[in-house]
Structure formats: C-alpha cells, structure tokens
Amino acid sequence: MKLYYMPGACSLASHIVLEWIGKPYETHKLSREALKGPEFLQINPLGAVPALTDGDWTLTQNVSILEHLAEQAPQLPLLGDGTARSRAEVRRWVGFINSDIHKTFSMIFGAQRFLKDEGAQQELAASASGLLTKLFAQLDAQLDGKSYLAGSAPSIADAYLYVVLRWARAKEVNLAGLDNLSAFFQRMEADAGVQSALKAEGL
Ligand SMILES: N[C@@H](CCC(=O)N[C@@H](CS)C(=O)NCC(=O)O)C(=O)O
C-alpha cells in the first residue's frame with residue numbers, strides 16, 4: 001500500500017491508522033503544487049490527498065480509506081468493538097468530522113475559492129471559526145468521561161479528530177474551556193503511532 005499525503009493535511013489521519021494497523025506501507029509526499037500536477041491528477045482527479053494505492057487499485061476519500069485500513073486489522077477496535085452500534089458510533093463521529101468540521105475548515109483554508117474580495121474572505125473565515133468553536137464543543141461534550149470518541153480505545157474517528165484539532169490550534173480557533181478536547185489532544189500526542197506518523201511527515 002502507498003499513501004499519498006501532504007504534511008499535516010487530512011491524510012495524516014490515514015497515516016496514523018497505517019501506523020496503528022502495522023501492515024507494510026510506503027508513502028509519497030506531495031507539495032501543494034504537485035497536487036494539481038498531471039502525474040497526481042491521474043491518481044486523484046480532484047487533486048486532493050489522501051489517496052491510497054494498492055497494486056493497480058486506487059482509493060480516495062478519507063472516510064473510505066480510514067474504513068478500509070481499519071478492516072485490515074479486525075483485532076483492533078478501530079471501527080468499534082464489534083457490535084453494530086459501536087460501528088455506527090465510530091461512523092457517526094467520522095461523518096461529523098468529515099462533513100461538518102473538515103468542510104468548515106475549507107472556509108478558512110480556502111476562503112479565496114468562494115469569494116474574491118479579501119475583506120469578505122476574512123469575514124467568512126471569522127464566521128467559520130465561530131462555527132468551529134460550536135462544533136468542537138459538541139465533541140468536547142462527547143468526550144466527557146471518555147478517553148476517546150466512541151469508547152475506551154482509539155478508533156479511526158480519533159485519528160481524524162486529532163488532525164482537525166491540530167488545524168484548530170494552528171488557526172487559533174477558540175477552544176477555551178474545552179478541557180476534554182485538550183486532554184484528548186495530549187493523550188493522542190503521547191501515542192506511539194501518532195508520534196511515528198508526525199515524525200515521518202516532518203511535523
Ligand atoms: N473529500 C475529500 C477532501 C480531501 C481534502 O480536502 N484534502 C485536502 C487536504 S486536507 C486537499 O488535498 N486539498 C487540496 C485542494 O483541494 O486543492 C476527502 O475527505 O478525502
């Protein structure tokens with residue numbers, strides 16, 4: 001398997017899960033320019049990471065890559081503890097992070113794609129940041145009394161949450177008082193798989 005990634009991008013979640021499952025893999029680092037180059041567009045016509053290749057098969061979309069990797073290590077509770085409810089819980093939080101949180105970050109990282117006027121871009125980014133505070137508060141509440149989003153062991157949702165929390169810190173999203181998230185972040189930073197993926201990405 002080969003993971004195409006850009007350092008610190010959402011592909012870091014797949015990178016962490018690759019470390020957790022312990023299967024052999026390679027990585028291919030891309031610059032922002034290379035994402036839109038002809039070579040990578042053949043792999044992912046969207047020009048976005050992550051992409052995972054396995055022989056002549058290419059899989060894109062973070063959510064499907066994360067699930068595909070988790071299924072390769074059924075001995076780990078990466079997709080829940082084996083019950084249908086627990087799998088649904090993991091998918092609920094992966095969906096929330098991908099569709100609500102990640103998408104809202106697009107208004108901060110890529111406001112210029114939506115609006116030409118710089119003042120309007122700043123306004124959009126500020127509104128998005130305010131919305132993110134509310135969305136992260138829901139995750140903080142979910143983590144109350146729990147070490148991880150869907151229970152006592154890390155799942156694919158936690159790898160993804162760690163990545164968007166890094167973005168929140170970098171973009172100074174207001175996370176004041178969200179102490180469960182802060183403890184979660186420290187817990188993930190202490191994880192050996194997270195540390196290996198960060199090191200491999202030069203972060
Ligand atoms: N829907 C895609 C979105 C992937 C995505 O937004 N990737 C970002 C990095 S976090 C990217 O490569 N952006 C480059 C671009 O869109 O130009 C997924 O969930 O995999």
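These legends describe close-up views of a predicted model.

**View 1. The shell around the ligand.** Ten names line this view: Ala9, Cys10, Leu35, Gly47, Ala48, Val49, Pro50, Gln61, Asn62 and Asn98 surround the ligand. By class, the shell holds 6 nonpolar and 4 polar residues. No charged residue belongs to the shell.

**View 2. The cis peptide bond at Pro50.** Val49 and Pro50 are joined by a cis peptide bond. Its omega is near 5 degrees. Pro50 sits in the loop that links helix 3 (38–43) to strand 3 (51–54). Both Val49 and Pro50 are among the residues surrounding the ligand.

**View 3. Gln61, a residue with positive phi.** Gln61 is not a glycine, yet its phi is positive, near 80 degrees. The residue lies in the loop between strand 4 (57–60) and helix 4 (62–71). Gln61 counts as partly exposed because it has 16 C-beta neighbours inside 10 Å. Gln61 is also one of the residues around the ligand.

**View 4. The β-α-β unit at strands 1 and 2.** Strand 1 (residues 2–5), helix 1 (residues 11–21) and strand 2 (residues 26–29) form a β-α-β unit. The unit is right-handed. Strands 1 and 2 run parallel and pair over 4 bridges. One pair of bridge partners is Lys2 and Glu26, the latter in strand 2.

**View 5. Helix 5, its span and its bend.** Helix 5 covers residues 84–109. At 1.5 Å a residue, its 26 residues should span 38 Å, and the end C-alpha atoms lie 36 Å apart, so the two values agree. The helix bends by about 30 degrees at Ile97. Ile97 is also among the buried residues of helix 5. The others are Glu89, Val90, Trp93, Val94, Ile101, Met107 and Ile108. In an α-helix, residues three or four places apart point the same way, because there are 3.6 residues a turn.

**View 6. Glu172, in the loop between helices 8 and 9.** The loop holding Glu172 connects helix 8 (156–170) with helix 9 (179–189). Phi of Glu172 is positive, near 55 degrees, and the residue is not a glycine. Glu172 is exposed because it has 8 other C-beta atoms within 10 Å.

**View 7. Leu203, after helix 10.** Leu203 belongs to the segment that follows helix 10 (192–200). It counts as exposed because it has 10 C-beta neighbours inside 10 Å. In sequence, Leu203 and Tyr148 are 55 residues apart. In space, their C-alpha atoms are 23 Å apart.

Terms used: Residues numbered from 1 in each chain as written. Predicted model: local features only at pLDDT ≥ 70, side-chain atom pairs only at ≥ 80, totals over all residues. Near = placed C-beta within 6 Å. Nonpolar A, V, L, I, M, F, W, Y, C, P; charged D, E, K, R; others polar. Pairing = 2+ DSSP bridges. Helix = DSSP H or I, 4+ residues; strand = E, 2+ residues; numbered from the N terminus. Right-handed = clockwise from strand over helix to strand, strands pointing away. Expected span 1.5 Å × (residues − 1). Bend = angle between axes of the 7 residues up to and from the residue. Buried ≥ 20, exposed ≤ 12 C-beta atoms within 10 Å, placed from the backbone.
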